[in-house]
Amino acid sequence: MESNFPLRKIIHVDMDAFYASVEELDNPELKGKPVAVGGSEKRGVVSAANYEARKYGVRSAMSGYLAKRNCPHIIFVKPRFSRYKEISKQIRNIFYDYTDLVEPLSLDEAYLDVTVNKKGNPSATLIAKEIRQRIFDEVGLAASAGISINKFIAKVASDINKPNGQKTVNPEEVISFLEDLEIRKFYGVGKVTAQKMYKLGIFTGKDLKTKSLEFLNVNFGKGGNHYYHVVRGIHTSEVKPHRTPKSVGAERTFSENLSSEIFMLERLGNISEELERRLKKSNIAGKTITLKIKYSDFTLQTRSKTLPYFVSDKAMILETAKDLLYQEKMENSVRLLGISLANLNTGEKKAPKEESEVLVQLKFDF
């Protein structure tokens with residue numbers, strides 16, 4: 001099949017229930033039992049849940065109280081991010097044995113471009129299988145993978161045969177794969193967008209493909225252009241070994257709700273210190289400071305201010321956060337506060353992309 005943009009061999013590796021799996025690795029007594037990392041039966045938020053807990057509807061970002069209600073025998077484990085980072089580094093070192101084009105999305109997932117790889121292996125499918133086996137043998141954890149011609153399809157495919165599986169979407173299968181895909185399984189289509197698409201009669205990729213670019217732009221704004229192209233197999237974003245962060249933040253969930261702004265200021269001071277540490281570690285500064293407030297009824301509010309200069313020191317961050325805190329009256333007692341810094345001095349410039357439709361009969365060894 002002819003194409004006027006480069007065809008790549010992309011692997012998306014996604015660790016299975018990573019945080020919970022690390023806890024099971026270090027404490028085998030947890031295996032086979034429902035486990036939630038983070039949260040507690042009284043409060044807090046679940047950071048991750050293993051597959052046993054997910055059977056009861058326990059999910060990340062769920063309150064610990066609701067997780068306990070759904071699964072009374074769930075086991076809550078305190079997160080150990082230093083340990084997760086240690087394991088993540090071991091896994092990443094395996095990736096680098098195959099390619100230097102590794103783009104981490106988080107501690108537990110990454111894109112790999114193996115079009116040209118260090119093993120000289122022409123099969124991205126076999127490379128993914130070998131990487132998953134090495135992660136299991138050398139680290140003791142299971143991983144899933146998606147393999148295809150671009151990042152978008154690889155990301156979607158990695159979820160198809162989870163856990164501990166992989167899915168290859170060969171070039172000649174791209175169009176039919178996307179047309180048959182339920183719209184809610186398109187990466188980036190959340191619950192709200194999915195519901196909007198349902199109301200517009202869009203339930204599958206095939207339905208989406210019938211909509212014009214103009215129609216999608218009118219109904220989905222900037223996202224319209226993205227949806228129009230990805231359903232045609234077009235996603236030209238390259239695997240970027242060094243991803244530039246768009247924002248840096250820190251937040252805290254409190255054991256007891258805060259109703260006094262005096263106590264909130266004390267917590268914001270601690271959060272500002274943590275944020276300063278992260279910024280200086282990466283040599284980053286920013287102009288836009290955002291205060292995140294989650295109330296006891298779980299409603300979320302953000303307040304932002306953009307300064308005329310870059311800042312990274314805790315005093316200036318705290319001073320701005322204080323102004324934002326007093327910007328308007330609190331609606332309720334507060335369970336979480338967070339501060340983030342955006343509009344960073346990373347200075348990455350994006351080159352314009354040319355996009356064109358993928359034709360149907362690609363011939364490319366996968």
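Here is a walk through one predicted model, starting with how far to trust it and ending with its empty spaces.

Let's begin with confidence. The chain has a mean pLDDT of 89, and 92% of its residues reach 70 or more. One stretch to treat with care is residues 348-363, where pLDDT stays under 50. The model still gives that stretch 35 contacts beyond four places in sequence.

Now look toward the start of the chain, where strand 1 covers residues 10-15. Between strand 1 and helix 1 there is a loop, and A17 sits in it. A17 is worth a quick look: its phi is positive, about 45°, although the residue is not a glycine.

Follow the chain onward from that loop and you reach helix 1, made of residues 18-26. Its partner here is helix 4, residues 81-96, and the two axes come within 10 Å of each other. They cross at roughly 95°. Angles of 65 to 115 degrees count as roughly perpendicular, so that is how helix 1 and helix 4 are described. Which residues make the meeting between them? From helix 1 come F18, Y19, V22, E23 and D26, while helix 4 brings F81, R83, Y84, I87, S88 and I91. Sorted by class, this contact has 7 nonpolar residues, 1 polar and 3 charged.

Helix 4 turns up again once we go hunting for enclosed space. Rolling a probe the size of a water molecule over the atoms shows where empty space is left. Searching the whole structure turns up 1 cavity of 30 Å³ or more. The largest cavity holds about 60 Å³ of space. Around it you'll find V13, M15, S88, I91, R92, F95, S106, L107, D108, E109 and A110. Strand 1, helix 4 and strand 6 (109-113) each give two or more residues to this lining, and helix 4 has the largest share, with 4 residues. By class, the lining has 6 nonpolar, 2 polar and 3 charged residues. Notice S88 and I91: both line the cavity, and both are also among the helix 4 residues that meet helix 1.

Next, an open space. The second largest pocket has a volume of about 1,100 Å³. It is lined by 31 residues, and those closest to its centre are D14, R54, R59, D159 and K162. Which elements give two or more residues to the lining? They are strand 1, helix 1, strand 3 (48-49), helix 2 (51-54), helix 6 (151-157) and helix 8 (191-199). Helix 8 gives the most, with 4 residues. In terms of class, the lining splits into 14 nonpolar, 6 polar and 11 charged residues.

One last stop starts from K162, one of the residues closest to the centre of that pocket. The peptide bond from K162 to P163 is cis, with omega near -5°. P163 itself belongs to the loop between helix 6 and strand 8, the latter being residues 166-168.

Terms used:
Residues are numbered from 1 along each chain as its sequence is written. This is a predicted model: local features need pLDDT of at least 70, side-chain atom pairs count only at pLDDT 80 or more; totals for chains, interfaces and linings use all residues. Side-chain values use heavy atoms; hydrogens and water are left out. Axes are lines fitted to C-alpha atoms, for helices over the stretch in contact, and angles run from 0 to 180 degrees between N-to-C directions. Angles under 35 degrees count as roughly parallel, over 145 as roughly antiparallel, 65 to 115 as roughly perpendicular and the rest as oblique. Contact means heavy atoms within 4.5 Å. Ala, Val, Leu, Ile, Met, Phe, Trp, Tyr, Cys and Pro count as nonpolar, Asp, Glu, Lys and Arg as charged, and the others, Gly among them, as polar. On a 1 Å grid over the protein atoms alone, a cavity is a set of points where a 1.4 Å probe fits but cannot get out, and a pocket is an open set with protein on both sides within 12 Å along at least five of seven lines; lining residues have an atom within 4 Å of a point. Grid points are joined across faces, edges and corners, and a volume is the space filled by probe spheres set on the points. pLDDT is the predictor's confidence in each residue, from 0 to 100.
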